Structure formats: C-alpha cells, structure tokens
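Please take a moment to look over the sequence and the model shown here before reading on. The paragraphs that follow start at the ligand and work outwards.

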Amino acid sequence: MNLVIVGTGMAGYTLAREVRKKDPAARITLITRDSGDSYSKPMLSNALAVGKAPEQLIQGPAAKMAAQFDLHLMVQTQVLAIDRERAQVRTDQGSVSYDQLVLAWGAEQLHLPTGGDAADSIQRVNHIDDYQQFRASLATAQRVAIIGPGLIGCEFANDLLHANKQVTVIGPGSWPLSSLLPETAGRYVQEKLAAAGVQWQLGQTVARVDRAEGGYQLTLSNDERFEVDLVLSAVGLKPNVTLAAEADLKVARGVVVNPLGQTTDPRIFALGDCAQYGERWLPYILPIMHAARAMAATLTGTPTDIVFPQMPVAVKTPAVPISLVPAPAGASWRFVEQEDGLVGRAQLDDRMVGFILLGPQKLRQSLVQELG
Ligand SMILES: Cc1cc2nc3c(=O)[nH]c(=O)nc-3n(C[C@H](O)[C@H](O)[C@H](O)COP(=O)(O)OP(=O)(O)OC[C@H]3O[C@@H](n4cnc5c(N)ncnc54)[C@H](O)[C@@H]3O)c2cc1C
C-alpha cells in the first residue's frame with residue numbers, strides 16, 4: 001500500500017498511527033507545509049493556565065514522529081493540486097504518487113472585513129506558529145481585545161486572565177457562545193467570566209482597528225472607541241476545500257465524505273477539520289479519533305463505517321467549566337441549578353436531545369447516559 005496523507009495535525013498523525021498499527025509494511029507518506037512537529041492544538045487556549053511556553057506544547061518533533069511510526073515525512077512542502085487521473089499530488093517540491101490519498105489539511109481562520117490602518121495587525125491562532133507570535137506579542141501587551149465570543153474566544157479570554165491581562169471580548173450576539181448556548185446558559189457564562197475579570201462588548205462588531213500611541217484604537221459599530229495593546233480575532237474557521245473543489249471532488253461546507261470517509265473519488269478520503277461527514281462538520285478532537293480508527297481499517301482492507309457516539313463538547317473556561325451536547329432546532333430547554341452551576345436538558349418530542357452542564361462536571365457522564 002502506498003498511502004499519502006496531506007497534513008500533520010491531529011488528523012494526519014492520528015490516522016498514520018492507526019494505519020501503522022494495522023499494517024507494519026505500508027508505505028505512509030505525510031506531506032505538510034509546516035515543520036511537521038506534532039503538538040496539542042487544544043492546549044493553545046489554556047497554555048497560560050497550565051504554565052506552558054509554546055515550545056513545551058510540542059509533543060513529538062517531526063523527526064521523532066517519522067522514526068517512531070516509520071513515516072516518510074515531507075515537511076515545508078505545500079500541496080498545490082490533486083491530479084486524479086495520474087493519482088498524484090502536485091507540490092512545490094515535485095509530484096507524489098498515491099494508491100490512496102487522505103486529505104487532512106484542516107481549516108483556515110475566517111477573516112472578517114475590518115476597516116482601519118491596523119487591520120492587518122489583527123492576530124489569529126489556529127496553529128502553533130501563530131501562537132508563538134501571539135505569545136511573543138503578549139510579553140509587552142497588557143490590554144487585549146478578543147473579537148469573537150465563541151468557544152475559542154472565551155477560552156483565550158479566560159486563559160489571558162491567568163496572565164493578569166486586561167481582556168475585552170467583542171461580538172455581535174447578545175451573550176457569549178450564542179451559537180452553542182441558549183440565553184439562560186449564555187448569560188450565566190457571561191456573568192461568571194465577568195466576575196473573573198472579562199469585560200464584554202456584546203451586540204457590537206469591530207468597525208475599525210487603527211494604530212494608536214503604543215497600541216491600537218478599536219472603533220465599534222456603535223462608534224465607541226477604546227485602546228488596547230493587542231487584538232486577537234477568533235471568529236471561526238473555514239474548512240480548506242479549494243484544492244478539493246478544483247479536483248472536482250464534492251465539497252459543501254467541508255470536503256464531503258461518505259460513511260467510510262471517502263470523497264466522491266473512492267481513492268481519496270478526508271479527515272478532521274477539512275471534512276464534512278454527511279451533514280455534519282465536527283471540528284474537534286474526538287471525532288478525529290473515532291473517524292481515524294474506522295478509516296485505518298478501511299484503508300487496510302476492512303471497510304468500516306465511521307460511527308460517532310455522543311461526543312460532548314467541552315469548553316476550557318475554568319471560571320465556569322462547560323460541557324454540552326447541542327440540541328437540534330425546535331428543542332426546548334429546561335434548566336435547574338446545581339451547586340455553583342446550572343444543568344440544562346433539551347427536549348424534543350418527549351425525548352432528551354441535548355444537555356448543557358455549567359460549573360462542576362460531576363454529572364457529565366450520567367447526562368451522556370440519559371441521552372442514550
Ligand atoms: C485554540 C484551539 C483550541 C481548541 N481546543 C479544543 C478542545 O479543547 N477540544 C477539542 O476537541 N478540539 C479543540 N480544538 C479543535 C481541534 O484542535 C481541531 O479540531 C484539530 O486539531 C484539527 O486537526 P486537523 O489535523 O484536522 O487540522 P490542523 O491541525 O489544522 O492540521 C492541518 C495540517 O494540514 C497542513 N496543510 C494545510 N494545507 C496544506 C497544503 N496545501 N499543503 C500541505 N500541507 C497543508 C497544515 O500544515 C497542518 O499540518 C481547538 C482548536 C483551537 C484552534
């Protein structure tokens with residue numbers, strides 16, 4: 001077998017590891033445009049709380065990963081196109097042939113249109129290299145603005161409090177995490193993070209970011225202005241689909257795959273943040289683990305459907321720990337207080353279809369079981 005995987009994030013390396021377990025003889029090539037070092041991406045948003053420098057987040061340097069799992073690693077190599085007829089990927093270092101190809105090339109940060117002469121100084125973190133730069137800037141920054149009160153924005157906000165930074169979070173919703181949490185839960189999180197020190201500018205967008213003495217001046221949509229030393233945007237991700245679409249593979253929000261993880265070309269698979277499993281886009285670690293195990297079986301000759309169990313989303317905000325299984329539209333939420341927290345259950349047609357657990361996480365497993 002000649003397997004080529006594009007990407008050395010959690011998806012690429014997890015799959016390589018799973019395939020190697022099943023087939024000691026397979027030729028496995030990983031191509032990545034970065035250094036190929038394996039790191040924990042989730043820890044980018046809680047590294048300050050756990051006292052880690054960026055380089056301490058690297059769990060497996062590229063050379064060690066290659067030796068440990070017998071991988072042919074092509075680092076600092078950008079894939080430019082997929083040539084399905086020749087079964088090759090074209091890179092800036094030449095072409096690479098495959099029997100089977102797995103796209104594990106992740107997603108890009110969304111860029112919202114922002115005016116002002118410093119809009120290009122807004123930082124975004126979806127990779128350890130971005131994070132190195134962010135931490136370097138943080139060394140001389142006290143006031144930090146975060147654009148985007150979603151999961152990643154809230155995690156960074158809470159983490160920056162551990163470094164005694166002054167944090168303002170800005171977003172258009174009326175409460176934080178508004179795409180995941182209904183109002184009762186969102187307001188609770190808002191209050192807890194405010195009590196810990198986060199300042200909120202909700203119901204607002206950032207119209208301009210301009211240079212100011214020693215920092216930046218933000219102008220909000222209501223014309224309010226204030227100055228900060230650093231601006232971080234965390235407004236969401238866009239799966240990488242361009243090269244897949246150019247190769248005439250079916251794409252929607254992500255690269256669309258069937259239950260085996262195959263794209264519309266049976267020799268090409270997609271995994272991780274770039275993939276869309278049916279209607280679902282699941283940019284988290286647990287889906288990667290489950291999908292990689294099944295995909296490794298398929299790739300080594302035992303076709304195996306990817307089946308996802310209930311996978312609660314955890315938000316790393318120690319000021320108010322959160323886990324949840326989002327409910328479908330139309331569900332109704334009922335909340336009860338728990339010691340220093342809230343528990344919400346979502347009902348639809350007399351069935352529990354989701355939950356939210358805010359505060360102590362002792363009930364988490366029993367809530368998953370209640371969901372069935
Ligand atoms: C700050 C932060 C915190 C998070 N916290 C959590 C959490 O607590 N729990 C959780 O479940 N999830 C969390 N996530 C999400 C989770 O980390 C991601 O779902 C996961 O890491 C995605 O892995 P991936 O391999 O699909 O993509 P990536 O890690 O983005 O890897 C993509 C790879 O593809 C390569 N690549 C891209 N394009 C090309 C190209 N054209 N040519 C060559 N190489 C290419 C890149 O170099 C990279 O190696 C978090 C994400 C962030 C940003």
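Which of the 31 residues around the ligand come nearest? In this predicted model, they are Gly-7, Gly-9, Ala-11, Gly-106 and Gly-272. Sorted by class, the shell around the ligand consists of 15 nonpolar, 11 polar and five charged residues. Helix 1 (10-22) and helix 7 (285-299) each contribute at least two residues to this shell, and helix 1 gives the most, with three residues.

The shell also reaches across a division of the chain, for at least three of its residues come from each of domain 1 (2-108 + 237-299) and domain 2 (111-233), while the protein has in addition a domain 3 (321-371). The centres of domain 1 and domain 2, taken over C-alpha atoms, are separated by 30 Å, and where the two domains touch, 10 residues of domain 1 are in contact with 15 residues of domain 2. On the domain 1 side of this contact there are seven nonpolar, two polar and one charged residues.

Returning to helix 1, the reader will find that it lies across strand 1 (2-6), strand 2 and strand 9 (100-103), and that it runs at about 175° to strand 2. These strands belong to an open sheet of five strands, paired in parallel in the order 5-2-1-9-21. Strand 5 (72-74) and strand 21 (268-270) stand at the edges with a single partner strand each, so one side of each has no neighbour in the sheet. Neighbouring strands of the sheet are turned by 20° against each other on average, direction ignored. At one edge, three bridges join strand 2 (residues 27-31) to strand 5, and among the paired residues Ile-31 has Met-74 as its bridge partner in strand 5.

Terms used. Residues numbered from 1 in each chain as written. Predicted model: local features only at pLDDT ≥ 70, side-chain atom pairs only at ≥ 80, totals over all residues. Domains from an automatic or database assignment. Contact = placed C-beta atoms within 7 Å. Nonpolar A, V, L, I, M, F, W, Y, C, P; charged D, E, K, R; others polar. Near = placed C-beta within 6 Å. Helix = DSSP H or I, 4+ residues; strand = E, 2+ residues; numbered from the N terminus. Pairing = 2+ DSSP bridges. Axes fitted to C-alpha atoms, helices over the stretch in contact; angles between N-to-C directions.
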